[in-house]
Amino acid sequence: MATPIPGPPGLPLLGNLNDIDPTDSMMTSLGRLADTYGPIFKLNLGGEEKLFISTHELMNEVCDEKRFSKTVSGALEQIRNGVEDGLFTAYPGEHNWEIAHRVLMPAFGPISIRGMFDEMHDIASQLVIKWARFGPKEKINVTDDFTRLTLDSIALCAMDTRFNSFYHEDMHPFVDAMVGLLQESGARARRPAIATYFMRSAQQKYDADISLLKEVAKEVVAERKANPNDKKDLLNAMIKGRDPKTGEGLTEASVLNNMITFLIAGHETTSGLLSFLFYNLLKNPAAYQAAQKQVDDVIGRGPITVDHMSKLPYIEACLRETLRLTPTAPAITIQALPDPARDNLSLAGGKYEIKPGQPIICILPKIHRDPAVYGDNAESFIPERMLDEPFSKLPNNSWKPFGNGMRGCIGRPFAWQEAILTTAMLLQNFNFRFDDPSYQLHIKQTLTIKPKDFFMHATLRDHVDPIYLEKQLHVDTSKEGHATEKDRMIESTASPGKAKNPMLILYGSNSGTCEALAQSLARVASGRGFHAQVEPLDSAVGKVPKDQPVVMISSSYEGQPPDNAAHFFEWVQNLEGNELGGVRFATYGCGNHDWVSTFHRVPKLLHAGFEGHGASQIAEIGLGDVAAGDIFNDFDKWQDEQLWPALGGSGDVEDESGIEIEVDTDSRRSKLRQDVKEAVVVSNQLLAAEGVPEKRHIVLKLPTAMTYKAGDYLAVLPINNQKIIRRVLKWANLPWDAMLTIKTGANTTLPTGHPVSAMDVLSAYVELSQPATRKNIARIAASASDEAVRAKILALAGKDFEKEILAKRRSPLDILEEYPSAALPLGDFLAMLPPMRIRQYSISSSPLADPTIATLTWAILDTPSKVADSKRFLGVASNYLSSVEEGDRIHVAVKPSHGAFHPPNDIENTPVIMFCAGTGLAPFRGFVQERAMQIQAGRKLAPAYLFIGCAHPEKDALFKEELTRWEKEGAVQLFYAYSKASDLSKGCKHVQDRLWAERECMVEVFNKGAKLYVCGSSMVGEGVASMTKRIYQDSVEAKSGSKSDEEIESWFQSIKGERYASDVFT
């Protein structure tokens, strides 16, 4: 008996229209439905029931052209309104398609494509020159410029027509008309047909777009007919070609339809491919460096020729892997052919019954990520799996970005040569970095997909001058001396006073701490006789100066470099020889001791890499621990005791620069941070009972197109408590509506050059509660005119510093309030304050429940201040979140968690064991909610086990009713450990104790391939890790064996990252 095909219930008339998120790409919605319902599901869209498949097993079956054929339905059928029976949109068996296919195939043969190289090179050179002239500071709209490139390439190569897109600010009108056609065709396919009759303005625009496309095509054809030539291009093939089978040529209408088809298909998918490729390369520095190295090894600095195209296998692998993860034509629609021998048709060996002619949409992004083919790392960008040999061994039909069989993409060789050429030229001449290092991929979809809001910066390699570059693109200049940007630079007019020595400060920072240290060092440097430039580490790839000291300040994130240092880190790891000879450098590293095995890994490797490749150390490496809460003092100590004595440079505290500020109390302007977006509070509820620490749960409506996975973080940009802000205003004698103008060019992360509300600066831009550093104290003391007061303030930085400042978390504001005679300028006060950091919270929901909703679950930090009984120490973000109400808007951004801290890909066969305490439950509520949604959709999952630590079942057993309901549904099995009621949890007070009590069952589950996840404080992390090792030792001894401590630790390290993922916090 056939298995019913699952799917969400629909509504009358609308069908499943509401199951497709109109604010996001359709592929995102379909992927989410595939995660919920499994390898096949059905939807009613536009009044027609359609099937959707998402595994290689089913894809391989429907690629059998004896049983299945391409069908033109949905959006593709609507596009026929514009291009009728063109090659892409013709119905199976249409006569015009057969003629056009046979006539045009030779135009895309190897010789023809090779002959188009020079014209492709011409257009690609225009792109290179444009980006070279932009310079490294200009923000590049990646998808727009790749669209210009590919449109101009297909027009010139195939039709000998120049659109000259790089010489106009706006896109060619053809592009806007094409986007209009694709978008409206997609919208028509999703809505009931009757709705179109009532949408007159949409119909008028649709008709106008189609008319413009046809006019462009007519003009191109008319120009060729008026000025004929013998060029063997696509246009002449369409006009003059004859079908070798029938002797027929293309009709005039067929010429126009295929002209439009090639102009659309010939550029839209390739521009998406190149955009996704550069996103992937920037996100994966090791692949970026390998691709660039291959270009350097194969091509060098000379011009690229057609013979190079077959000698860049790694770039081809990168392109294949990009198309695997993000096929720019993301779906293929198939239909089952009638079978005279059978009444009923089926899939999967009779498991699913299907109807002849019923559309079957193959969701390529899911099929290409099938763990049965690509393993547990199917979501990762790994070009090595797409090198020629492993690529040739992939199962049939597991990589299908160019379609299937006879209806596969005819222009694939054209697109492939264009993509290889463009990629090689760009990597040969530029180093690239993200405009926003934390950018996460968002998809923009018409019929094809592209990255949305993707920007990057391009820096010319080897300091080449843009004018010299034009010569280099066409002539081998490798043996010539060449001008550099530095050679041509006009020296700026020296500022009044003594000239200062240059210094470069490079930082790698995600949360903002290392950037704040860099800005702080730059201000100190000014008083020491240096003019410091502050830049992210990635900006210095291939261009570390040798004529000035270089200071690197970087953190590690689980052993990985920060987002804006990843390419620099990879570049250093791949250096050979003494490339950094003559560089003088110093390194300061930030780390967190909770990550023992990777503590300071990145700064240490950067330091060793510089030394190993010829650079000379200015000072010993400095290392600070953010978990110890004293990172700013540690940094100041390293500066004063290591860096400045080695660099020389005179100066004292009073010479350090603050920030020049003008105060204006007559006008107002607000400027918000741009790296976060607004979410709307739906609800905010208290979870815990009285007598235990306060815990809350907030439900947020996410900004449009913001997506997440179970296990990800939501970064919150908080606002300082109003009580603390009023204290600053009172100290500074400022009215609440004062405006500040910070001088442009100041070393600060604050907005400069225009008036900003003092309330905005104090609430959203600076940390007001950060403990004072010794340097802060010295600066405050220097502002006091009374010697006795100055001595008292300075004493705080002496032997009792840890007791009086750090232990009490005494801030600069606390000291200034305590000593009101200290006349510290407001600019100096603001210069002391680190920039407001985002706080990351584990998301406690699953997008399968509602992709537009994310929830957070957290504990409130509100304790008596150790400075004075009348004050309280308030956690900035936890209290901010506790204060917001329904309808309020807060600024958030999704931050992906560590790759292993997500539910397993193969959920049917991989058991899950989770451990948490307190609000460490947050991500696992998302995990279990996701499983509950999948079980409700009819999926069969491997078992899951959740160990929860809390105080008492009646006090702080968070989400107990909900979790118990999900347990009854089979989504999870719960094991509690109550620290205040251990008699109710088998005598276990902590989760590691409960793990030991359940060890026999858990060992059995682990041996079946289970993955382990831990979330909570460092005590929870250490406790579960220790117990896991103990159980392993116990199981070994039970088999009459034994392991040394070193062997046990080696085993434990071998499962971390693969089968054991932890997310611990201080």
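This protein is divided into four parts: domain 1 (78-474), domain 2 (501-647), domain 3 (674-718 + 838-897) and domain 4 (902-1064). Domain 3 is written as two stretches of sequence, 674-718 and 838-897. Keep in mind as you look around that this is a predicted model. Taken over C-alpha atoms, the centres of domain 2 and domain 4 are 39 Å apart. The notes below visit some helix pairs, salt bridges and single residues that you can find in the structure above.

**Helices that pack together**

- Start with α7 (142-159) and helix α12 (residues 252-283), which pack with their axes 8 Å apart and at an angle of about 140°.
- Angles over 145 degrees would count as roughly antiparallel, but α7 and α12 are oblique to each other.
- The crossing of α7 over α12 is right-handed.
- On the α7 side, the contact is made by Val142, Thr143, Phe146, Thr147, Leu149, Thr150, Leu151, Ile154, Ala155 and Met159.
- On the α12 side, the residues in this contact include Met259, Phe262, Leu263, Gly266 and His267. Further along α12, Thr270, Ser271, Leu274, Ser275 and Phe278 take part as well.
- A second pair to look for is helix α3 (residues 74-83) with α8, whose axes come within 8 Å and cross at roughly 125°.
- That angle makes α3 oblique to α8, and their crossing is right-handed.
- From α3, the residues in contact are Gly74, Ala75, Gln78, Ile79 and Asn81. Their partners on α8 are Leu181, Leu182, Ser185, Gly186, Arg188 and Ala189.

**Salt bridges**

- Side chains of opposite charge can pair when their charged atoms come close.
- The structure holds 46 salt bridges, and three of them are described here.
- Lys205 and Asp209 form one of these salt bridges through their side chains, with 2.9 Å from N to O.
- Both Lys205 and Asp209 sit in helix α10 (residues 200-226), where they are four residues apart, about one turn of the helix.
- Are the two partners buried or exposed to some degree? Lys205 counts as partly exposed because its relative accessibility is 46%, while Asp209, at 10%, counts as buried.
- Another salt bridge joins the side chains of Arg727 and Glu817, at 2.7 Å from N to O.
- Arg727 belongs to helix α25 (residues 722-732) and Glu817 to helix α30 (residues 812-818), so this pair ties together parts that are 90 residues apart in sequence.
- Arg727 is partly exposed, with a relative accessibility of 23%, and Glu817 is also partly exposed, at 29%.
- The third example is the salt bridge between the side chains of Lys808 and Glu804, at 3.2 Å from N to O.
- Which residues belong to the network that includes this pair? Salt bridges with shared partners link Glu804, Lys808, Arg810 and Glu818 into one network.
- Within that pair, Lys808 is partly exposed at 24% relative accessibility, whereas Glu804 is buried at 18%. The limit for buried is under 20%, so Glu804 falls on the buried side of it.

**Residues with positive phi**

- Asn164 has a phi near 50°, which is a positive value in a residue other than glycine.
- You will find Asn164 in the loop between α7 (142-159) and α8 (173-190). These flanking helices appeared above, where α7 packs with α12 and α8 crosses α3.
- With a relative accessible area of 30%, Asn164 is partly exposed.
- Arg809 also has a positive phi near 50° and is not a glycine.
- Where does Arg809 sit? Its place is in the loop between α29 (801-806) and α30.
- Arg809 counts as partly exposed, at 32% relative accessibility.

**A buried alanine in a loop**

- Ala942 lies in the loop between α33 (922-936) and β31 (944-950).
- Although Ala942 is in a loop, it counts as buried because its relative accessibility is 5%.
- Which residues does Ala942 touch, leaving aside those up to four places away in sequence? They are Ile907, Glu908, Asn909, Thr910, Pro911 and Arg931.
- Pro911 makes a good pair to inspect with Ala942: they are 31 residues apart in sequence, yet 4.9 Å apart in space from C-alpha to C-alpha.

Terms used
Residues numbered from 1 in each chain as written. Predicted model: local features only at pLDDT ≥ 70, side-chain atom pairs only at ≥ 80, totals over all residues. Heavy atoms only, no water. Salt bridge = Lys/Arg side-chain N within 4 Å of Asp/Glu carboxyl O. Helix = DSSP H or I, 4+ residues; strand = E, 2+ residues; numbered from the N terminus. Buried < 20%, exposed > 50% of the residue type's maximum accessible area, 1.4 Å probe, protein only. Domains from an automatic or database assignment. Contact = heavy atoms within 4.5 Å. Axes fitted to C-alpha atoms, helices over the stretch in contact; angles between N-to-C directions. Parallel < 35°, antiparallel > 145°, perpendicular 65-115°, else oblique. Left-handed = near helix turned anticlockwise from the far one by under 90°.
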